Amino acid sequence: MKTTITGFGCVCSLGNNVSEIKQNLFKPVSEISFLDRFESSFAKDYPVFQVSRKILSQKNESESYGFLFLKTALNEALKNANLKAKDLKDAKVGVVIGTSVDASFNCFDFYKEWRNEEYPPLDPLNKYIQYSPAKEVLKHLELEGISQTVVTACASGTDAIGIGAQWIENSICDVVIAGGADELNLIPFTGFIKLMIASKERCKPFDENRNGINLGEGAGVFIMESEQFAVERNAKKIGLVLGYGNACDAYHQTSPEPNGRGIKKALENALNQSGLKPGDISFINAHATGTLDNDSAESLALNAILKGVPVTATKSKTGHALGAAGAIEACLTLICLNEQKIPAVENFKTADENLELVPVSKNTEIKNAKAAVSNSLGFGGCNAALVLGSREKTANE
Amino acid sequence: MNKIFIKSSAYADGVKGLNQFFDQMRLRRIDALSKMALYAAAKTLYEIGIDLNKEKSDIGLIIATGRGPVKQTCDFMNSIIDDGDTLASPLAFSQSVHNSIETSITILLNLRGPCLTISQGGDSFASAVVTAKSWLLSEKCKHVLLGAADEEHPVISKEYENKILKKKCAAFFLLTLEETSNELVAEDIKSDDFNPSLYPFELARKTCVFITKDATQRILEDFVKAALAEKKKDIMSVFANKNIPELMQNLDIDEKQNIFDGITTLFSIDNDKVADTGTINETCFESARKHNKINFSTSGSTGDPQNCVHTKDMVKEEVEGVAFLFKNIERVINTVLSHHSYGFIFALQMPRCLDLPVLSYPPVPVLEWTKTLKEGDLLVTFPLFLKYLTKFDFKFPQGVTILVSTAPCPDELMENLYRNGAQRVIEIYGASEAGAIGFRENPGAPFFLLPFWDYKEEDGLVKSISRKTTSLRKNLPDIAKVKGERLFSVIERIDNAVQVAGVNVFPSKVEKTLKQHPMVKDAVVRLGKERLKAFIVLQKGVNEKNAKTILYNYMETIFTVHEIPKNLTFGNKLPLTAFGKKANW
């Protein structure tokens with residue numbers, strides 16, 4: 001596989017666009033943020049990573065925060081690709097978006113009123129029945145095409161990009177808009193706390209004293225094009241999707257298989273598809289939520305397939321954006337590839353002897369980085385991995 | 001672009017029958033939507049002979065759900081509303097995650113390949129087909145198990161009741177690049193936001209395999225065993241053996257060939273492909289899938305055995321048309337063979353349609369297993385077996401229904417069965433050519449024409465019957481008098497003429513005349529090798545040798561040359577099949 005990325009856009013707690021994110025990715029996160037967008041008994045105890053108020057304030061009443069983030073990243077990605085919707089009128093267009101909250105019936109206030117027989121307006125319900133973020137992107141751009149909303153929990157964003165790349169590879173589409181978007185919401189916020197996998201402290205991926213996740217939000221979008229379409233419009237190639245692997249654990253509803261078997265298989269599949277050897281991989285952006293089980297299973301898999309490859313864990317800087325996480329992390333991986341350096345894993349202080357994996361604890365230069373892995377694990381044993389390639393260097397570089 | 005095809009499919013709108021695949025313990029923490037989807041997924045694999053327990057890495061799984069586990073989401077919100085967020089249910093949350101269906105299926109079906117869940121309202125299934133094709137083209141897996149599943153939504157069901165056609169359903173398809181008769185085209189799939197899984201559900205009903213791999217094996221076993229049982233005294237040893245190659249190993253070439261010929265006809269196999277007992281199941285399964293028909297033979301009691309083709313559509317019409325008779329049935333206890341119409345419909349296809357487990361026993365009257373009968377059972381059997389049970393005054397447990405066919409069920413027998421505790425006795429009137437035609441539940445009562453038939457009346461008799469949705473049209477095999485709207489009574493059998501040296505003769509007429517002779521206690525006549533033959537039970541004390549001469553003299557005076565049976569066979573009782581029907585000799 002060698003699918004061309006011609007544009008990308010991202011919004012998360014690190015910044016409102018790729019440029020801001022690039023600046024902040026290599027700086028320590030200074031602020032701890034707490035929720036004030038909805039009522040929760042846990043709001044003041046559990047830190048979260050929120051998108052800036054500047055972005056939040058742009059929300060229309062009829063749209064979700066998730067779609068606002070998606071739209072923001074999409075517009076940036078199209079601009080970055082130097083592509084306008086009208087350029088796509090005659091193309092075979094595909095949209096694949098991963099999400100969690102934005103596909104669920106999470107309209108808590110509506111449901112509460114409805115259950116109390118207060119006869120609320122049915123708008124949230126109508127929206128839920130007819131809305132999906134992928135379809136909404138086509139509507140937003142006034143385009144016809146194939147759309148797909150992927151809901152493999154926390155692996156959704158990674159799967160969406162992988163599926164989109166394959167649609168190009170298999171000539172199903174000329175252009176695919178792929179990524180993920182999710183917002184902080186009462187349901188998963190409460191759910192993760194009740195499952196006792198959310199942390200009251202900043203998350204500490206791979207640390208011996210790690211004790212859970214911090215939730216985050218945002219969106220990441222890739223524009224991918226067939227070789228022919230990109231060449232014909234003289235598009236700039238900013239990166240490549242070289243491989244995509246996906247495999248299930250068949251183990252448990254919420255816990256990863258402890259021996260990391262499914263994660264290994266997804267990594268192997270992605271590597272095989274890329275045609276690269278482990279030694280060709282310059283670094284890994286691990287899923288690394290900071291939970292005991294996740295980091296343990298993932299480290300076993302990484303040691304088995306990519307032992308010795310430098311590991312970063314950007315959730316320590318963005319929180320866990322659920323269905324958007326994989327897409328945001330793919331964007332961050334691409335930034336790192338093109339910047340030839342990876343950020344320090346924040347809050348990592350003590351190596352866990354059981355893991356045999358020590359992530360980078362300071363910003364680290366990676367010379368001649370040509371390919372990297374962005375790894376994701378989802379609830380229910382959904383594992384997905386992407387092998388991304390760096391942009392083509394210009395003659396001056 | 002390459003095309004994708006449906007290799008097998010199955011559907012479910014409940015979970016009745018799921019227990020036959022999985023232990024209750026393994027299902028205890030799975031929500032209703034996931035269970036329903038799991039059931040359809042399990043059937044999709046099982047029906048074409050894929051081992052559910054074996055680890056499968058070459059099958060990818062894609063779930064398309066318009067709304068996801070929305071009931072679980074509501075349950076989680078209910079727990080927050082009722083008890084506050086500090087006491088919210090973690091189990092409901094974990095089950096509210098959209099891909100929880102996928103997880104349950106991967107765990108229970110031991111799927112280790114790629115997996116995915118797509119949720120895109122009414123477009124979910126069509127969208128999922130695109131990625132299924134992409135996976136197959138990229139060789140991410142050899143097959144994709146693609147499923148659609150949606151459940152009742154407490155809010156939507158109330159607010160949009162008039163738009164919801166089916167509250168819950170699931171459908172699964174095993175997809176492949178290998179060509180089958182069912183191509184799946186994403187562009188043909190209809191979008192329906194209010195009924196996102198209904199189109200795949202209907203599609204699975206149309207495309208599911210006609211005869212499952214398991215059923216094929218059962219039909220083959222029954223066919224071979226029935227053929228062998230005719231020649232063996234110890235028929236229990238035949239019925240106890242499930243191994244077809246083993247059963248056939250001691251047969252001579254001609255006997256084997258006869259069986260292969262019968263199987264070739266039964267499954268409409270092309271080009272004499274049946275010749276190997278080791279691959280016979282696969283050959284028959286593939287042929288039934290390709291041709292979507294089964295070809296039963298009549299017993300030959302009225303002349304040469306006739307082939308009776310039953311297509312998938314005809315069987316579907318029949319099975320769905322008799323389903324109303326079995327609403328409260330929980331389990332089928334079967335004692336009939338499935339290579340004939342009655343057993344095929346009521347011991348294989350009807351239980352499959354109604355998700356009923358089946359326990360089969362040899363068609364031999366023994367009392368041992370009848371002790372396992374329990375409330376909710378349907379005993380599928382035949383009159384001779386029931387006569388045996390009543391002879392031993394067998395008392396039925398409460399709530400057992402008896403289904404009887406293959407030969408007329410005498411009123412006295414039906415009365416005895418009710419007296420001995422049967423909750424319902426349903427007698428099916430049918431024929432190999434037509435399948436089930438009518439039913440009755442009371443001694444002396446007329447038959448009620450089953451709802452999938454229309455009929456033509458002439459001179460107060462049922463002249464012909466025709467199916468409502470398929471092309472099957474038949475004359476009744478018997479003279480039947482119309483007794484009211486869709487009610488009829490069978491008066492007598494119409495025996496078909498057979499040809500002897502090009503002349504029509506009537507075995508029933510010859511039989512009736514022979515029975516009138518004072519030396520004859522009972523007799524049966526049928527076509528032998530080009531001539532009629534007769535089996536005769538003589539009155540007590542009559543000498544066989546003398547009788548033969550006297551009877552031939554008698555016949556010469558009243559029958560034509562063509563009517564006179566060439567061979568007379570004498571015995572103490574008429575030869576009967578295991579079902580009590582007249583057997584050949």
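User: How many residues does each chain put into the contact between chain A and chain B?
Analyst: Keep in mind that this is a predicted model. Elements giving two or more residues to chain A's side include α5 (123–130), α7 (156–169) and β8 (239–248) of chain A. The contact as a whole takes 51 residues from chain A and, from chain B, 47 residues.

User: And what's the make-up by class of the side of chain A that touches chain B?
Analyst: Helices α4 (108–115) and α6 (133–141) of chain A are among the elements that supply two or more residues there, and so is strand β4 (146–150) of chain A. Sorted by class, that side of chain A has 6 charged, 20 polar and 25 nonpolar residues.

User: Moving to chain B, what percentage of its residues is buried?
Analyst: Chain B has 19 helices and 25 strands, and its C-alpha atoms fill a box of roughly 100 × 50 × 45 Å along the principal axes. Among its contacts with a separation of 6 or more, 64% link residues 24 or more positions apart. Of the 585 residues in chain B, the buried share is 46%.

User: How far apart are the C-alpha centres of domain 2 and domain 3 of chain B?
Analyst: The domain assignment puts domain 2 at 210–291 and domain 3 at 310–493 of chain B. The two touch, with 11 residues from domain 2 of chain B and 7 residues from domain 3 of chain B in the contact. Their C-alpha centres lie apart by 26 Å.

User: Which element gives the largest share of the side of domain 2 of chain B that touches domain 3 of chain B?
Analyst: Two helices of chain B, α9 (213–229) and α10 (235–240), each supply at least two residues of that side. By class, that side of domain 2 of chain B holds 9 nonpolar and 2 charged residues, with no polar ones. The largest share, 6 residues, comes from α9(B).

User: Which strands stand at the edges of the sheet β23-β24-β25 in chain B, and why?
Analyst: The 3 strands form an open sheet with mixed pairing, in the order β23-β24-β25 (chain B). From one strand to the next, the twist averages 20 degrees. An edge strand here has a single partner, so one of its sides is left without a neighbour in the sheet; in chain B that applies to β23 (520–527) and β25 (567–570).

User: Which residue is the bridge partner of B:I536 in β25(B)?
Analyst: Strand β24 (residues 532–538) of chain B runs parallel to β25(B), and 4 bridges join them. Helix α18 (residues 507–515) of chain B lies across β23 and β24 of chain B, at about 165 degrees to β23(B). For B:I536, the bridge partner in β25(B) is B:F570.

User: Is A:A288 buried or exposed?
Analyst: A:A288 sits in the loop between β9 (283–285) and α11 (292–306) of chain A. Its phi is near 35 degrees, a positive value in a residue other than glycine. Most residues other than glycine have a negative phi. Since 32 other C-beta atoms lie within 10 Å, and the cut-off is 20 or more, A:A288 is buried.

User: What's the exposure class of B:N292?
Analyst: B:N292 is in the loop between α13 (280–291) and β7 (293–297) of chain B. Though not a glycine, B:N292 has a positive phi of about 50 degrees. With 18 other C-beta atoms within 10 Å, B:N292 counts as partly exposed.

Key
Residues are numbered from 1 along each chain as its sequence is written. Chains are lettered from A and ligands numbered from 1 in the order in which they are written. This is a predicted model: local features need pLDDT of at least 70, side-chain atom pairs count only at pLDDT 80 or more; totals for chains, interfaces and linings use all residues. A residue is buried if 20 or more other C-beta atoms lie within 10 Å of its own, exposed if 12 or fewer, and partly exposed in between; C-beta atoms are placed from the backbone. Two strands pair if DSSP finds at least two bridges between them. Axes are lines fitted to C-alpha atoms, for helices over the stretch in contact, and angles run from 0 to 180 degrees between N-to-C directions. Ala, Val, Leu, Ile, Met, Phe, Trp, Tyr, Cys and Pro count as nonpolar, Asp, Glu, Lys and Arg as charged, and the others, Gly among them, as polar. Domain bounds come from an automatic or database domain assignment.
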